[in-house]
Amino acid sequence: MKKITRIFDIAYYQQENFPLEKALATKRNGQWQFLSTDAYIAKINQLSRGLLQLGIKPNDKIAVVTTSNIMEWNILDMAILQIGAQNVPIYPTNTPEAYQYVLEHSEALYVFVSDAEVLEKVNAARKGSKVKEVYGFSKLKNCKDWTEILNLGKDESLQAEVDRLKAGVKPEDLATLIYTSGTTGTPKGVMLSHHNLVSNVLDSAPRVPFETGTQVALSLLPLCHVFERMLIYLYQYFSISVYYAESINAVGENLKEVRPTFITVVPRVLEKAYGSFVKKGGAMTGMKHKLFLWAIAVAKQYEPFGHNSALYKLKLSIANKLVLSKWKAAMGGRIELAVSGSSALSPDLARIYAASQMPVIEGYGLTETSPVIAVNTTNKDDFKLGTVGKPIPNVEVKIAKDGEILVKGPNVMMGYFKDEEKTKEAFDQQGYFKTGDMGEIDKDGFLKITGRKKQMFKTSGGKYIVPERLEAELEKSKFIEHAIVVGEGKKMPAALIQLDYNFVESWARRKNIDIDFSDLNKVCENQTIIDRIQKEIEISNKDFGHWEQVKAFRLTPKTWSIEGGELTPTLKIKRKNVLENFKDLFDDIYKED
């Protein structure tokens, strides 16, 4: 096998080096369906031939939208790329305007969809675009089925043409357009080459302790996001069996069924899993409840690599046997490692997972960097809590005078599609990509993220506020699900807070507080709850200067969601949308300002 230089080379690398009987697995009608490496390759080539029958040529664009991860996504991905065309993934939760913009701007000729809801959105958005046809991965009313293209590909006479096109694809060729979901503004089409993504796979490989052919991964983050997509390529490189979670709501059940050894997550997934565990513990009474709280307190004191005392190790052993092991069992019982990205992971949460024998390593990256820039490892010299690790090989990171993180390397994008001006703005004069994130590199070479450059603001008193630092502290509270800190141009910082309603309800029950949780307005107006959140605010404020402490807050009587526009598909908060959706609360805070 020659050197891996194009994305599709990875599938053939697996076939030649360590083919699997269960390379990919998707659950349908209650049963897991498997695809071997050989069958995977055969499907890729069959679909490529079918796409050629449709008239697809090099540099044509094909969009794909799925509400959950399925093996067909990766089959289509490889089939598109090996004939020199490009894959344009679309977030299923995008607004109608975003759908329309991406389809028109990318000039996609065909769209593949997973279900009727997505089909309806695509059909509404395709008017005015170059889209010729929409195909469903499942049988959908008034929609062609992708098996029609597979049937076209049964004619093997076109395989020589597939092979010719495959040989002509160069590492520097465009592989995909990924439109950033963003927290503000129009999506930007990030152009990533084969080399961008392949280099990120190969340079990230030494950071994860995979043994070829022995691991099982559960894919639960959206494949339309470059983080999960790159990890799927990495799994294939290491011949790891990939099971696709049915949905984010079915993750708990899928963890028990699949019993993965490895998962990739965003912090909110870890927080929710921990929140469910805490909720069960909160329902306990008497000695069981006290034992649960003791075990959690022990877990929070965990330090990696044997830095705890012998007495602590004895306590942790007891905590694991009596309490924490039950949590690990609920997560499948075999998780050896989780990699977290997209936003900051609380060090306390990292300690709790590690103490429960489910270590989490935190990384950092952006769509524009394919995505990994830095990541911790399980090695003592390359791991530090509260940081995102050291930069991966071949990626150079430096900090600008104003504190912005700058990056240069083979993983950095080709640019923004059809937008030379924004591309030029994205790089400094030395060719470093400007991430927009603020950070620092410590004496040992570990990178720490301190905030977003665009989200820093000044109060009317001229004091700078970095809202992410305050928000991270607020969200450590078991009572708080989400928070944004506001106050640009105002006399003081304040916060809009969404309660963790599940936890608050169980807390209220334990305290015999009579509240109707079917009416969230009443919950948010309850003085006992407001007073309790005030205590949480005071705890969060204690490590900050007086000028940056949160002085006021309002509780939002709604669960923030992707559908409601408050969260991106990767569960980041859309600050602008939150402010718009709860403008009345913001105005109430500053009515006398």
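## Serine 325

In this predicted model, serine 325 has a relative accessibility of 33% and therefore counts as partly exposed, since that class lies between the buried limit of under 20% and the exposed limit of over 50%. Serine 325 is located in helix 13, which spans residues 310-330.

Computed along the sequence, 30 residues separate serine 325 from alanine 355, and their C-alpha atoms are 10.0 Å apart in space. Alanine 355 belongs to helix 14 and is one of its buried residues.

## Helix 14

Helix 14 covers residues 347-355. Seven of its nine residues are buried, so helix 14 is largely enclosed by the rest of the structure. The buried set consists of Leu349, Ala350, Arg351, Ile352, Tyr353, Ala354 and Ala355; an arginine is thus included in it.

The partners of these buried residues are helix 11, helix 12, helix 13 and strand 14. Serine 325 is in one of these partners, helix 13. After helix 14 comes glutamine 357, which has a positive phi near 65 degrees.

## Helices 11 and 12

Two of the elements that pack against helix 14 also pack against each other: helix 11, residues 267-282, and helix 12, residues 286-299. Their axes lie 9 Å apart and make an angle of about 150 degrees. Angles over 145 degrees count as roughly antiparallel, and the two helices are therefore placed in that class.

On the helix 11 side, the contact is made by Tyr274, Phe277, Val278, Gly281 and Gly282. Helix 12 contributes His289, Phe292 and Ile296. By class, the contact has five nonpolar residues, three polar ones and no charged ones.

## The cavity

The structure contains one cavity of 30 Å³ or more. The volume of the largest cavity is about 60 Å³. Its lining is formed by Leu345, Pro347, Ala350, Val360, Glu362, Asn376, Phe383, Lys384, Leu385, Gly386 and Thr387. Six of the lining residues are nonpolar, three are polar and two are charged; Glu362 and Lys384 are among the residues of this lining.

Helix 14 and strand 14, the latter spanning residues 360-365, each provide at least two lining residues. Strand 14 is also among the elements against which the buried residues of helix 14 pack. Ala350 appears in both descriptions: it lines the largest cavity and is a buried residue of helix 14.

Conventions
Residues are numbered from 1 along each chain as its sequence is written. This is a predicted model: local features need pLDDT of at least 70, side-chain atom pairs count only at pLDDT 80 or more; totals for chains, interfaces and linings use all residues. Side-chain values use heavy atoms; hydrogens and water are left out. On a 1 Å grid over the protein atoms alone, a cavity is a set of points where a 1.4 Å probe fits but cannot get out, and a pocket is an open set with protein on both sides within 12 Å along at least five of seven lines; lining residues have an atom within 4 Å of a point. Grid points are joined across faces, edges and corners, and a volume is the space filled by probe spheres set on the points. Helices (H or I, at least four residues) and strands (E, at least two) are DSSP runs, numbered from the N terminus. Ala, Val, Leu, Ile, Met, Phe, Trp, Tyr, Cys and Pro count as nonpolar, Asp, Glu, Lys and Arg as charged, and the others, Gly among them, as polar. Axes are lines fitted to C-alpha atoms, for helices over the stretch in contact, and angles run from 0 to 180 degrees between N-to-C directions. Angles under 35 degrees count as roughly parallel, over 145 as roughly antiparallel, 65 to 115 as roughly perpendicular and the rest as oblique. Contact means heavy atoms within 4.5 Å. Buried means under 20% relative accessible area, exposed over 50%, partly exposed in between (1.4 Å probe, protein chains only).
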